[in-house]
Amino acid sequence: MSRTPSFTPSTYGAVPPLAWWRRWWRRQTPSRQDRFALLAPLAAVLLFFAAIVAAFWYLRAEEMEREQEAVRRDVEYAQQQVRLRLLERQEQLMRLARDASNGDLDRSSFIGRAEALVSQYPELQAITWIDDRRRIRDAYAAPSAPVSQRRASGEPLPAGETESTFNLARDLQQPVFSQPLAGPEAQASTLQLQIPLQGQGLFAGVLLAEFSIDGLLRYGVPAEVSARYAMSMLDANNQMLAGSTAPVRASVTPWLDWNERNREYGGPVSPVGNGLILRGQAYRTSPGLVGNGLFWMVGALSVLTAWMLIGTWRHTRRRVQAQNALVAETNFRRAMENSMVTGMRALDMNGRITYVNAAFCQMTGWAETELVGRTAPFPFWPEEDRESLAAKLDEELQGRITPGGFQVRVKRKTGSLFDARLYLSPLIDAKGVQTGWMTSMTDITEPNRIREQLQASHERFTTVLEALDASVSVAPLGSTELLFANKMYRQWFNQDTQGHLQLVAQAGVPDARPTDDGMDAVDGLVGLPTDSLTVAQAGNAEVYVPELGKWLEVRSRYLNWVDGRLAQMVIATDITPRRQAEEEAAAQAERAQSVSRLITMGEMASSVAHELNQPLTAISNYCNGMISRLRAQQISEDDLVAALEKTSRQAQRAGQIIQRIRAFVKKSEPNRTLSEVAPIVNEALELAEIELRRRNVRLSHYVAARMPRLLVDPILVEQVLVNLVRNAAESIDLAQRPTAGRHVEVRVIPRQIEGQDVIEFSVQDTGKGLAPEVMERLYEAFFSTKPEGMGMGLNLCRSIVESHRGRMHVENLYNGPEVTGCRFSFWIPLTQPAADNGPATIDSPSKDAGVSA
């Protein structure tokens, strides 16, 4: 094995000739034939194995794809059969429900027909007739039905999924399938179908049919499908309700039947939906270990061929291993020399250049042959600096070295100059004897230019900061030192750090407390990660400084100071004029809202007077009657007490009306609290209902159950609802709708709009809608379609909604090309997750929901 040759300046002059290096490199580098002989066997082995694996994989994948397609096709056929069976039972039960609704069935006829259906279809377990009061009227269950499905007449409807499905069928007025029932409410594997009954156009109860999921699977799936697959019914959580699964057989060659477990398919059973899934699993038909004999034969031949190729490859690798070791070391030394960006120059003890590297030649523009062997003055010395450079060279040769190096100007061959820094060190040979001096040179022209630009930029930046009309200060965390303060800060707080700390404390920005060892000049936060602080967004706060008598907008952020310490920058801007304008605008808006409520009550004065006249007239009549009977001595003590109680109730009714109006119109400070939605809606509708009764307009409202609370001002939200309901009633009155078509509907439901959870309030009327030109100017101040209107109602409503971070929307309702009404809606976002107050629902009305006329 050859070794890397060593050379010294005495053997080859200043440096080995480049031609000698090229010849030596060619001898040590492996030839192209050697590299091919090294890689060809390995490539052949890899290609051979890849071809064998790809062929087996393709054949296996194609076979499994065909089997999976067969499974999917058969299971979909079974799903269709189960669906048709359920629809047939549903149609038969709907005929029975229709006869029961029409009164064509008595108890014996119903029991007879139910018994015939249960006997004819084994999957049907029980049929129950439930009236509109959730009471069992008649029921029939199969003899094999569990005890929980045997119900007696007069029993109440059990709570749980059965009651939820009852409510859903009543609301939708169409047949509804329940989710599969399991656990203590019913025996496992039960499915319910509830069909609503109609009597004279009203809800009269439901017809409840209970199916056995096991019977549905047994009699609904075709026999030829059950023979080939393990069929089962699953719920939405993939829990098995009925059926069986394919047995899992251990395999000694799991890599050969890698896709056996994928031969299954499942899908939801319509019309039940995703709550009931029919799954089919194919029984395993893999040939096993014996059937894969071809694979073992090909594998053995492949291993033999690979062993021969690997032997050839190992022999070739040993032959070129020695050459690679030599090439690696040679390449390393050559790469070191060529990759250096620092110029290197070697001088002997007499000041003669004995070596320069490629970087030194590239910097100066002089070739290696033009520099090696030269003595001072060197050609890269500028003429005007030669005396000082010669004196410096004499000091170097005498051993007086500057540890930090020194800066000089260097002349290129083209005559241009650049700044460089030189570092000098002794050159020691292998015997420990100094043979000269080694000099490293670095081009510092660009750093010098950047340093000058940074200095000019710093001056410009300081000038800008001094001219700002905002206070800027920087102080390190945990210290009372003030690193920077501009002119405005000095005018407000002088050179004291207390002003900076006061702004930080009032703005609520966390700051570190000064430590006792502050004199040690050690950062207490050194070593801690600060990236998340310095890249965070700036904090913003508005504070009042009594000493200055000003409102200041304080923005702060963390930054790394030039010395590496974590500092805090605070920018304070005088916003006193803006705050005064905002307070004035808020006061004007509050007065406008109060005036709007007074105007609303003024417009409803006649309706309120009529509403108060009824209890006052009743009180007068009761009092006159009692006086007359007392004078005639024809009243007993019990009759007197009863009359007084009626009089008291009428007085309370009048007082509640007055109290409600007083709470609505009284002037109060804005007060946003976490409020329940239902009381707000009820208070607003009770006020608006007075106007609706005067205009002969029906009112219905719906509030979803278990609504989360909202952070709102209840009076302002009531004001919006009252205005929208009154506008709806006026629109219906102007449209001159008949009595049956005079209807206003209010709905309050939770929704998700623009990616956030909100509560939506909507008011829908049956008027003639809004014209396009009116729609464009709807929220414009002082615009109104009423002769006596001020045009401020909807403008204030939108302002109130947007002040609660909500939005208002309006749209016309159409029946074909005809406008049948208008719908105003607005939503207010939740301030906390709805889970804190229980899940919201819009399927079942709450106890506060109802219809009032």
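**View 1. Arg-345 and its partner across the strands.** In strand 11, Arg-345 has Val-356 as its bridge partner. This is a predicted model, as are the views that follow. Strand 10, residues 343-348, and strand 11 are joined by 3 bridges and run antiparallel.

**View 2. The sheet around strands 10 and 11.** Step back a little, and there's an open sheet of 5 strands, with antiparallel pairing and the order 11-10-14-13-12. Which strands stand at the edges? They're strand 11 (353-356) and strand 12 (406-411); each has a single partner strand, so one side of each is left without a neighbour in the sheet. From one strand to the next, the twist averages 35 degrees.

**View 3. Helices packed on that sheet.** Helix 12 (residues 386-397) packs on the sheet and touches strand 10, strand 12, strand 13 (417-428) and strand 14 (434-443). The direction of helix 12 makes about 130 degrees with that of strand 12. Helix 13 (residues 445-467) packs on the sheet as well, touching strand 12, strand 13 and strand 14. For helix 13, the angle of about 130 degrees is with the direction of strand 13.

**View 4. Another open sheet, with strands 1 to 5.** Here 5 strands line up in the order 2-1-5-4-3, again with antiparallel pairing. Strand 2 (136-141) and strand 3 (176-177) are the edge strands, and each pairs on one side only. Look at strand 4 (residues 190-199) and strand 5 (residues 202-212): they run antiparallel, and 10 bridges join them. Within that pairing, Leu-193 stands opposite Ala-209 in strand 5. Helices lie across this sheet too. Helix 5 (residues 161-172) lies across strand 1, strand 3, strand 4 and strand 5, and runs at about 35 degrees to strand 4. Helix 6 (residues 213-220) lies across strand 4 and strand 5, at about 65 degrees to strand 5.

**View 5. Zooming in on Gln-194.** You'll find Gln-194 in strand 4. Is Gln-194 buried or exposed? With 0% relative accessibility, Gln-194 counts as buried, because the cut-off for buried is under 20%. Even leaving aside its neighbours within four places in sequence, Gln-194 has plenty to touch: its contacts include Thr-162, Thr-165, Phe-166 and Ala-169, and also Val-206, Leu-207 and Leu-208. Going by C-alpha atoms, Gln-194 and Ile-130 are 9.6 Å apart in space, though 64 residues separate them in sequence.

**View 6. A salt bridge between Arg-89 and Glu-123.** The structure holds 34 salt bridges, and this view picks out one of them. The side chains of Arg-89 and Glu-123 meet at 3.3 Å, N to O. Arg-89 sits in helix 3 (residues 32-101), while Glu-123 is in the loop between helix 4 (107-120) and strand 1 (124-131), so the pair ties together parts that are 34 residues apart in sequence. Arg-89 counts as buried at 4% relative accessibility, and Glu-123 counts as buried at 0%.

**View 7. Asp-99 meets Arg-113.** In this salt bridge, the closest N and O atoms are 2.5 Å apart. Asp-99 belongs to helix 3 and Arg-113 to helix 4, so the pair ties together parts 14 residues apart in sequence. Asp-99 is partly exposed, with a relative accessible area of 21%; Arg-113 also counts as partly exposed, at 32% relative accessibility.

**View 8. Lys-550 meets Asp-574.** The closest N and O atoms of this salt bridge are 3.5 Å apart. Lys-550 is in strand 18 (residues 550-560) and Asp-574 is in strand 19 (residues 566-574), so to speak a link between distant parts of the chain, 24 residues apart. Lys-550 counts as partly exposed at 25% relative accessibility, and so does Asp-574 at 29%.

**View 9. Helix 20 against helix 21.** Helix 20 (residues 677-694) and helix 21 (residues 714-735) pack at an angle of about 35 degrees, and their axes are 9 Å apart. The crossing of helix 20 and helix 21 is right-handed. Among the residues that meet are Ile-680, Val-681 and Leu-685 in helix 20, and Val-717, Leu-721 and Arg-726 in helix 21. Sorted by class, the contact has 13 nonpolar, no polar and 4 charged residues. Arg-726 turns up again in a network of salt bridges, linked with Arg-695, Glu-730, Asp-733 and Arg-742.

Notes. Residues numbered from 1 in each chain as written. Predicted model: local features only at pLDDT ≥ 70, side-chain atom pairs only at ≥ 80, totals over all residues. Heavy atoms only, no water. Axes fitted to C-alpha atoms, helices over the stretch in contact; angles between N-to-C directions. Helix = DSSP H or I, 4+ residues; strand = E, 2+ residues; numbered from the N terminus. Left-handed = near helix turned anticlockwise from the far one by under 90°. Contact = heavy atoms within 4.5 Å. Nonpolar A, V, L, I, M, F, W, Y, C, P; charged D, E, K, R; others polar. Pairing = 2+ DSSP bridges. Salt bridge = Lys/Arg side-chain N within 4 Å of Asp/Glu carboxyl O. Buried < 20%, exposed > 50% of the residue type's maximum accessible area, 1.4 Å probe, protein only.
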